[in-house]
Amino acid sequence: MSKPFDYSKWDNIELSDDEDDVHPNIDRESWFRMKHRSRVEREEREEKDKKKICEEMAKANLRIKEINKILAKSSSAGDDDDSDDDLEDIEGLKAELLALEKANANAENQAKLDNYEKNKKWNVDNMCHVVEERTIVNKNVGETKFSSTGFVLPSDAPDISKVETKKGVDEPASADLSTKVKHHEAKHTDEKKSNALPVGAKAETKAKPHPQPDEPLSSVSVSMLSYHEFTEKYADIVEKFMAIESLDRSKEFLLQNGNILLQENASNYLLLASLEDEMNGFHEKMKLVARQSQIISNIAELAKSLQRHPGNVIVPFFQRLDNKEMYDGFMEGVNQFVKRVEVRAVEKRKEIDEERAREAKERGAAAEDAVDVSTIPREERLGPGGLDPLEVFESLPISMQEAFESREKEKLQAALMAMTPEEAEYHMKRCVDSGLWNA
């Protein structure tokens with residue numbers, strides 16, 4: 001049977017709690033400092049005393065070794081050649097050796113050292129000591145691998161600020177549903193305008209084939225795409241995911257296409273699709289799309305909390321849904337999301353109706369403000385040069401007439417550049433004289 005470990009060395013531990021016995025009239029912080037200073041001074045005195053005893057014992061041991069060496073040499077040389085002086089020296093050395101051995105063997109000094117060690121008070125300053133110390137600096141400490149909405153990029157992804165600049169993400173992570181929908185609607189509209197897409201761009205992108213197997217594909221390359229580029233390439237995959245009703249099939253589909261679906265553009269697509277379905281009256285379809293959208297969002301949030309890539313938490317997320325309490329909490333979040341989509345759909349319809357009413361009002365006002373120049377007497381409509389603007393306009397080339405009707409200077413400049421200088425000067429002078437153009 002092995003010898004049990006001796007825990008008696010931890011019997012004398014001085015804890016900070018021992019210093020709480022302070023009188024109410026004494027400042028606690030001052031009391032702690034005084035107690036600490038007293039302990040430090042006591043330890044310094046003990047260490048000084050122990051050091052002094054050890055030094056004296058070390059010197060005595062060293063002198064004993066020297067005397068023994070001298071005596072050994074003298075005894076080997078023989079007793080015949082020893083003079084009286086040498087004998088006296090030897091006797092003196094022996095007497096010194098005896099005194100040193102007696103002093104060094106003094107039990108009092110050793111007992112004092114043992115007492116110090118036995119009654120040593122352990123505290124935070126002397127209980128432990130540093131065996132090895134080193135500092136490791138992470139070379140990627142200045143980089144962040146999370147997007148503002150919780151979508152974690154892989155370890156080999158570029159700097160997130162460059163990725164988000166490429167994608168045009170500039171919204172706060174805490175934005176509510178209405179703000180996010182408005183932001184993505186505006187961004188989607190700007191991208192469609194910049195790329196000259198028709199109004200039915202979403203329907204057209206569905207027919208686009210997704211990348212062939214030999215096309216290089218990674219979550220980094222997908223995350224670098226703009227929303228328009230993403231929908232052109234991967235809208236069909238997102239649409240398939242939107243139509244999946246089974247959670248098991250959703251998990252399998254995510255495991256196969258996680259590098260596409262676990263991207264912020266895919267989350268935005270699902271968000272806009274749920275709003276569009278609700279506005280078009282497809283309420284049940286909207287609820288399914290909303291659930292799929294919340295699956296993506298919850299996986300992103302779980303990955304951010306665990307500091308892992310979203311693809312690595314797909315299985316753990318669906319394992320959590322096997323727990324009834326977890327599943328009920330997830331569905332409650334889905335229902336809240338559905339309610340926000342319903343509210344936003346109503347607001348969006350009102351905005352569209354107001355926009356159409358405003359445009360119709362502007363068109364009606366423009367029609368009311370329009371004046372038929374031919375009904376004005378000729379004398380009243382003559383220009384500063386005495387020419388009739390109606391007659392001059394009808395005599396202008398078709399290109400100049402179109403420019404005046406559209407009121408675009410670029411068209412007028414293009415029409416004049418297509419003429420000879422003399423012809424352009426002739427027509428412009430007549431426009432000035434008739435009041436069609438202010439010089």
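Let's start at lysine 50, which sits in helix α1, a helix covering residues 28–77. Is this lysine buried or exposed? Its relative accessibility is 15%, and because buried means under 20%, lysine 50 counts as buried. Setting aside neighbours within four places in sequence, the residues in contact with lysine 50 are Leu113 and Tyr116. Keep in mind as you look around that this is a predicted model.

With that first residue in view, let's step back to the whole chain. The secondary structure comes to 18 helices and 0 strands. The chain has 439 residues, and buried residues make up 32% of them. Taking contacts between residues at least 6 apart in sequence, 66% join residues at least 24 apart.

How far can the coordinates be trusted? The average pLDDT of the chain is 75, and 69% of the residues score at least 70. Confidence is lowest in helix α6 (residues 201–206), where the mean is 39, and highest in helix α12 (residues 314–321), where it reaches 91. Two stretches deserve caution. Residues 154–175 have a pLDDT below 50, and this stretch has 42 contacts in the model beyond near neighbours in sequence. Residues 192–216 also fall below 50, with 27 contacts counted in the same way. Where pLDDT is low, the predicted coordinates should not be read in detail.

Back to individual residues, now in helix α2. Aspartate 89 lies in this helix, which covers residues 84–104. With 48% relative accessibility, aspartate 89 counts as partly exposed, since the exposed class begins over 50%. If you would like a distance to check, the C-alpha atoms of aspartate 89 and leucine 71 are separated by 9.9 Å, with their positions 18 residues apart along the chain.

Now for some helix packing. Two packed helices are described by the angle between their axes and the distance between the axes. Take helix α9 (residues 247–261) and helix α11 (residues 283–306): they pack at an angle of about 60 degrees, and their axes are 12 Å apart. That angle makes α9 oblique to α11. The crossing of α9 and α11 is right-handed. Which residues of these helices meet? From α9 come Leu247, Ser250, Leu254 and Leu261, and from α11 come Arg291, Gln292, Ile295, Ile296 and Ile299. By type, the residues in this contact of α9 with α11 divide into 6 nonpolar, 2 polar and 1 charged.

Helix α9 also packs with α12, at an angle of about 170 degrees and with the axes 10 Å apart. The two helices are therefore roughly antiparallel to each other, because angles over 145 degrees fall in that class. On the α9 side the contact is made by Leu247, Ser250, Lys251, Leu254 and Leu255, and on the α12 side by Ile314, Val315, Phe318 and Leu321. The residues of this contact of α9 with α12 divide into 7 nonpolar, 1 polar and 1 charged. Leu247, Ser250 and Leu254 of α9 appear in the contact with α11 and in the contact with α12.

Staying with α11, let's look at methionine 286, which is found in this helix. How accessible is methionine 286? Its relative accessibility is 0%, so methionine 286 counts as buried. Not counting residues up to four places away in sequence, methionine 286 touches Ser274, Asp277, Glu278, Val338, Val341 and Glu342. One of these partners, glutamate 342, is 56 residues away along the chain, and its C-alpha atom is separated from that of methionine 286 by 9.4 Å.

Finally, two loop residues are worth a look for their backbone angles. Most residues other than glycine have a negative phi. Glutamine 307, in the loop between α11 and α12, has a positive phi near 55 degrees and is not a glycine. Glutamine 307 is exposed, with a relative accessible area of 57%. Arginine 407 is found in the loop between α16 (398–406) and α17 (409–417), and its phi is positive too, at about 60 degrees, although arginine 407 is not a glycine. At 78% relative accessibility, arginine 407 counts as exposed.

Notes:
Residues are numbered from 1 along each chain as its sequence is written. This is a predicted model: local features need pLDDT of at least 70, side-chain atom pairs count only at pLDDT 80 or more; totals for chains, interfaces and linings use all residues. Side-chain values use heavy atoms; hydrogens and water are left out. Axes are lines fitted to C-alpha atoms, for helices over the stretch in contact, and angles run from 0 to 180 degrees between N-to-C directions. Helices (H or I, at least four residues) and strands (E, at least two) are DSSP runs, numbered from the N terminus. Angles under 35 degrees count as roughly parallel, over 145 as roughly antiparallel, 65 to 115 as roughly perpendicular and the rest as oblique. A crossing is left-handed if the near helix is turned anticlockwise from the far one by less than a right angle, and right-handed if clockwise. Contact means heavy atoms within 4.5 Å. Ala, Val, Leu, Ile, Met, Phe, Trp, Tyr, Cys and Pro count as nonpolar, Asp, Glu, Lys and Arg as charged, and the others, Gly among them, as polar. pLDDT is the predictor's confidence in each residue, from 0 to 100. Buried means under 20% relative accessible area, exposed over 50%, partly exposed in between (1.4 Å probe, protein chains only).
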